[in-house]
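Let's look inside this protein together and see how its interior is put together. Take a moment with the sequence and the 3D view before reading on.

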Amino acid sequence: MTTQTDTPRPPHQVLDGADIARVITRIAHEIVERAKGAEDVVLLGIHTRGVHLARRLHAKLTQITGRDIPLGTLDITMYRDDLRLKPARALEHTEIPADGIDGRLVILVDDVLFSGRTVRAALDALGDIGRPRAVQLAVLVDRGHRELPIRADYVGKNLPTSLREAVQVKLADTDGQDAVLVGDRDYTARSSQALAAAPTPSE
């Protein structure tokens with residue numbers, strides 16, 4: 001018999017749009033303070049949601065500093081260590097600012113920091129592009145459970161989770177709304193299976 005504790009919990013919201021906007025503003029101010037005005041900063045968003053977050057961070061930094069901070073994107077698909085374990089993924093575009101990254105402070109931007117393997121792949125990809133002066137990491141959510149010795153320099157929210165939980169970041173750019181949700185991974189899987197099995201209504 002299924003007990004209450006065995007029933008997967010549906011996702012609940014831990015950040016809304018206003019929260020995410022405040023996080024972006026705070027991280028931007030932290031970057032300006034720590035990077036002495038952000039004069040040599042280059043932002044690189046990790047596909048996919050990291051790119052949208054990097055664009056928002058770029059807009060806020062431009063507003064604070066009055067300068068156009070270089071912005072680019074980074075595709076890590078071919079650097080992942082699970083390529084043979086997961087279905088093939090479409091390649092995204094890596095776009096590096098015209099002045100490159102050599103000798104600059106590169107800040108990688110992503111939505112969720114989990115095992116650290118995505119960031120490791122990003123560092124490998126970065127090494128094939130140039131030689132930055134330093135590399136830092138900004139994330140919207142750090143959910144813990146690191147498998148590699150990697151930490152974020154700028155964190156929107158530290159969110160303690162269990163391994164049975166899934167963290168969903170929704171951004172208006174791709175999902176129609178800004179929110180961070182946490183729920184049981186089994187609930188998400190069962191909901192997806194039920195949706196796939198549902199009969200298609202006749203026309």
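Start with Ile31 in this predicted model. Leaving aside residues up to four places away in sequence, Ile31 touches Ala38, Val41, Leu57, Leu61, Ile107 and Tyr154.

Which nonpolar core does this neighbourhood lead us to? Ile31 is among the residues with the most contacts inside the largest nonpolar core, together with Val41, Leu57 and Ile107. That core has 31 residues. Helix 1 (17-34), helix 2 (49-65) and strands 2 (41-46), 4 (105-113), 5 (134-142), 7 (165-170) and 8 (179-184) each give two or more residues to it. Helix 1 gives the most, with seven residues. Apart from this core lies another one, and Leu108, Leu137, Val139 and Val155 are among its residues. In soluble globular proteins, nonpolar side chains tend to be buried together.

Here are the two cores side by side:

| Core | Number of residues | Some of its residues |
|---|---|---|
| Largest nonpolar core | 31 residues | including Ile31, Val41, Leu57 and Ile107 |
| Another core | 19 residues | including Leu108, Leu137, Val139 and Val155 |

Now for the empty spaces. How many cavities of 30 Å³ or more are there? The count comes to two, and the largest cavity has a volume of about 70 Å³. Its lining is made by Val23, Ile24, Ile27, Leu53, Leu57, Val109, Asp110, Ala138, Val139 and Leu140. Helix 1, helix 2, strand 4 and strand 5 each supply at least two of these lining residues. By type, the lining divides into nine nonpolar residues, no polar ones and one charged residue.

Terms used:
Residues are numbered from 1 along each chain as its sequence is written. This is a predicted model: local features need pLDDT of at least 70, side-chain atom pairs count only at pLDDT 80 or more; totals for chains, interfaces and linings use all residues. Side-chain values use heavy atoms; hydrogens and water are left out. A nonpolar core is a set of buried Ala, Val, Leu, Ile, Met, Phe, Trp, Tyr and Cys residues joined through side-chain atoms within 4.5 Å. Buried means under 20% relative accessible area, exposed over 50%, partly exposed in between (1.4 Å probe, protein chains only). Helices (H or I, at least four residues) and strands (E, at least two) are DSSP runs, numbered from the N terminus. Contact means heavy atoms within 4.5 Å. On a 1 Å grid over the protein atoms alone, a cavity is a set of points where a 1.4 Å probe fits but cannot get out, and a pocket is an open set with protein on both sides within 12 Å along at least five of seven lines; lining residues have an atom within 4 Å of a point. Grid points are joined across faces, edges and corners, and a volume is the space filled by probe spheres set on the points. Ala, Val, Leu, Ile, Met, Phe, Trp, Tyr, Cys and Pro count as nonpolar, Asp, Glu, Lys and Arg as charged, and the others, Gly among them, as polar.
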